[in-house]
Amino acid sequence: WSNINWIQHDWNEFYPNAMEAIPSNAPKPRGTPVQINLFCDAAHGNDYVTRRSTTGIIIFIQGTPISWYSKRQNTIESSTF
């Protein structure tokens with residue numbers, strides 16, 4: 001995947017001016033913080049027999065995969081240059 005330590009990384013290095021608006025009436029957090037990561041990827045025409053593309057999604061909570069989804073597309077699209 002990557003050599004970035006996702007839990008301890010300082011994202012201000014990548015996004016120095018990023019801000020998230022938190023509503024003033026939002027409830028206070030309870031318990032320990034939880035990290036959720038979602039990765040999505042697509043492969044164009046990776047099936048050499050049918051030339052169909054594949055899309056995949058995987059969701060992690062605290063670095064543990066909890067859900068994934070992979071689907072081969074139903075149609076074949078041609079590219080013209």
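What does F39 count as at 24% relative accessibility? Partly exposed is the answer for F39, where partly exposed is the range between buried (under 20% relative accessible area) and exposed (over 50%), with a 1.4 Å probe and protein chains only. The model is predicted, with residues numbered from 1 along each chain as its sequence is written, and side-chain values use heavy atoms, leaving out hydrogens and water. Local features need pLDDT of at least 70 and side-chain atom pairs pLDDT 80 or more, while totals for chains, interfaces and linings use all residues.

**View 1. The chain as a whole has three strands and zero helices.** Helices (H or I, at least four residues) and strands (E, at least two) are DSSP runs, numbered from the N terminus. Following the sequence, you will read the pattern β-β-β. The chain has 81 residues, of which 5% count as buried. About 7800 Å² of the chain is exposed, and carbon and sulfur atoms supply 56% of that area; accessible areas come from the Shrake-Rupley method with a 1.4 Å probe, and for residues only the protein chains shown count as cover. Take the contacts (heavy atoms within 4.5 Å) between residues at least 6 apart in sequence: 27% of them join residues at least 24 apart.

**View 2. F39 and F60 form an aromatic pair, the one such pair that the structure holds.** Rings of Phe, Tyr and Trp (its six-membered ring) pair if their centres lie within 6.5 Å; planes under 30 degrees apart are stacked, over 60 edge-to-face, and the rest tilted. Here the ring centres are 5.9 Å apart and the planes meet at 80°, so the arrangement is edge-to-face. F39 belongs to strand β1 (residues 36–43) and F60 to strand β2 (residues 54–61), so the pair ties together parts that lie 21 residues apart in sequence. F60 counts as buried at 15% relative accessibility, whereas F39 is partly exposed at 24%.

**View 3. Strands β1 and β2 run antiparallel and are joined by eight bridges.** Two strands are taken as paired if DSSP finds at least two bridges between them. In this view, look for D41, which stands opposite G56 in β2.

**View 4. T54 in strand β2 has contacts at several places along the chain.** T54 is partly exposed, with 22% relative accessibility. Apart from neighbours within four places in sequence, T54 is in contact with D41, A42, A43, N46, S70, K71 and R72. Opposite T54 in β3 stands R72. The C-alpha atoms of T54 and K71 are 5.6 Å apart, although the two residues are separated by 17 places in sequence.

**View 5. A hairpin of β2 and β3 has two residues between its strands.** Strand β3 covers residues 64–72 and runs antiparallel to β2, with eight bridges joining the two. One of the facing residues is T55, whose bridge partner in β3 is K71. The loop between β2 and β3 includes Q62. If you like to check backbone torsions, Q62 is a good stop: its phi is positive, about 55°, although Q62 is not a glycine. Q62 counts as partly exposed, at 44% relative accessibility.

**View 6. V34 meets the end of the hairpin region at I61 and Q62.** V34 sits in the segment before β1 and is exposed, at 54% relative accessibility. Not counting residues up to four places away in sequence, V34 touches I61 and Q62. Between the C-alpha atoms of V34 and Q62 the distance is 6.4 Å, with 28 residues of separation along the chain.

**View 7. W11, F14 and Y15 make up a nonpolar surface patch.** Together the three residues have about 330 Å² of accessible area. Patch members have over 30% relative accessible area and no salt bridge; like charges are joined within 9 Å, and nonpolar side chains (Val, Leu, Ile, Met, Phe, Trp, Tyr) within 5 Å. A salt bridge is a side-chain nitrogen of Lys or Arg within 4 Å of a carboxyl oxygen of Asp or Glu. Y15 lies in the segment before β1 and is exposed, with a relative accessible area of 52%.
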